[in-house]
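User: I am new to this structure and would like a close look at a single part of it. Please take one helix and describe its surroundings.

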Amino acid sequence: MTSPKEAVRVAIAGASSLLGKELNLWLEESNFPAIDIRLVDEEIVAGTLTETGGEPAVIETVTEESFEGVRFAFFTGSPEFTRRHAEEARRAGAVVIDLSGGLGADAKARLWIPSLDAVLTSPLVSIPAGEPQSLFVAPAAPSDAAISISASLAAAGLERLVVTALQPVSEYGPEAIEELESQVVKLLSFQPVPQTVFDAQVGFNMLSSYGPESGLKLAEARERIAKESRRYLEGRAPTPAVMLVQAPVFYSHTFTAYAEFQAAPPLEDLVDRLRGAGLKVARAKDEPPTNVNIVGEVRPVLRQPERDPGIETGVWLWGAADNLRVPAATAVAIAEKLLAS
């Protein structure tokens, strides 16, 4: 058995991304036993000066040699980048933990939220004897919230779950953040707004899709949430229906969830079940979760559940999840579980 305190070498592939930077920060804050953290990315950002463990570091061009001697390779760049280089990491003997969503369709990939192990069986038990435990996926923050809510409430007689998530622009990196900021400034001064990233007005607006010239597709992000939820829960808890809306905010997903039960459940029981699945539920006297006040939280945060005013068995949930910290913390928790197994 490997000691969970044994120092290991890790690589962050896609280190220049917002998610890569957040993961690098969380590895330090969580005291993960990393003896060395290699920062690698596309050639276009190679040479960028950053830091890791409080020391200056340079992002290097990713090559197959980048993963030699690496125990865990965290992929935090684009899905395409992950699909191009993940197999290189596995051939080098690294355990791949994907945060990008690029490997979600791989039949050998195991989606894992360790906080749910007390509610749903860990994927480790489903790996056939002799098969390497080398490919894991940390779900996106809204997927995590939808999966965790359904898993926690299934035993309470949950029949239906509908989740609507409001997406921040930081899901698409610094360029998207800069475009929203510029749009807000331009709109307030009655000037034409830049639309290079979204091909649409995001500032002071809500979108169900982007403009036709945008290289981004909101439908693809929605599809990822739906697929991750279905794959994780299939046969074990109701699969949620999912809607995704682009909101004019910089960071963190907020979401509303409608849960319908076979019979009206005690709300106190639902709170206990949600907390048992690792979700944080604010006390009634606390401020409800928002994009701002949940930044840095490692798990999605919910306000107290409320009954639907017209449907006796219906319950509404409101919550928020840090779109960078939640998947980063989940990925590190996966690595810690594997070290301890």
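The request and a connected reply follow.

User: Please look closely at helix α1. Which strands does α1 lie across, and which residues of α7 does α1 meet?

Analyst: A word on the source comes before the details: this is a predicted model. Helix α1 covers residues 18-29.

Begin with the strands. Helix α1 lies across β1, β2 and β6, and runs at about 160° to β1. An angle over 145 degrees counts as roughly antiparallel, so α1 and β1 are roughly antiparallel to each other. Strand β2 spans 34-41, strand β1 spans residues 8-13 and strand β6 spans residues 72-75.

These strands belong to an open sheet of 7 strands with parallel pairing, in the order β5-β2-β1-β6-β7-β9-β8. The edges of the sheet are β5 (60-61) and β8 (110-111); each has a single partner strand, so one side of each has no neighbour in the sheet. In the order of the sheet, β1 stands between β2 and β6. The pairing of β1 with β6 is parallel and is made over 4 bridges. One of the residues involved is Ala13, whose bridge partner in β6 is Phe75.

Now the helix partner. Helix α7 is made of residues 325-340, and its axis comes within 9 Å of the axis of α1. The two axes cross at roughly 55°, and the helices are therefore oblique to each other. The crossing of α1 past α7 is right-handed.

On the α1 side, the residues that meet α7 are Leu19, Glu22, Leu23, Leu25, Trp26, Leu27 and Glu29. On the α7 side they are Arg325, Pro327, Ala328, Ala329 and Val332. Sorted by class, this contact has 9 nonpolar residues, 3 charged ones and no polar ones. The charged residues are Glu22 and Glu29 in α1 and Arg325 in α7.

To sum up, α1 lies across β1, β2 and β6, and α1 also meets α7. The strands that α1 lies across are part of the open sheet, while the contact with α7 is made by nonpolar and charged residues.

For contrast, here are two residues from elsewhere in the chain. Thr254 is in strand β12, residues 253-261. With a relative accessibility of 4%, Thr254 counts as buried. Beyond four places in sequence, the residues Thr254 touches include Thr164, Leu166, Asn291 and Trp318. Asn205 is in the loop between α4 and α5, and at 28% relative accessibility Asn205 counts as partly exposed. Leaving aside neighbours within four places in sequence, Asn205 is in contact with Gln246, Ala247 and Pro248.

Methods: Residues are numbered from 1 along each chain as its sequence is written. This is a predicted model: local features need pLDDT of at least 70, side-chain atom pairs count only at pLDDT 80 or more; totals for chains, interfaces and linings use all residues. Side-chain values use heavy atoms; hydrogens and water are left out. Axes are lines fitted to C-alpha atoms, for helices over the stretch in contact, and angles run from 0 to 180 degrees between N-to-C directions. Helices (H or I, at least four residues) and strands (E, at least two) are DSSP runs, numbered from the N terminus. Angles under 35 degrees count as roughly parallel, over 145 as roughly antiparallel, 65 to 115 as roughly perpendicular and the rest as oblique. A crossing is left-handed if the near helix is turned anticlockwise from the far one by less than a right angle, and right-handed if clockwise. Contact means heavy atoms within 4.5 Å. Buried means under 20% relative accessible area, exposed over 50%, partly exposed in between (1.4 Å probe, protein chains only). Two strands pair if DSSP finds at least two bridges between them.
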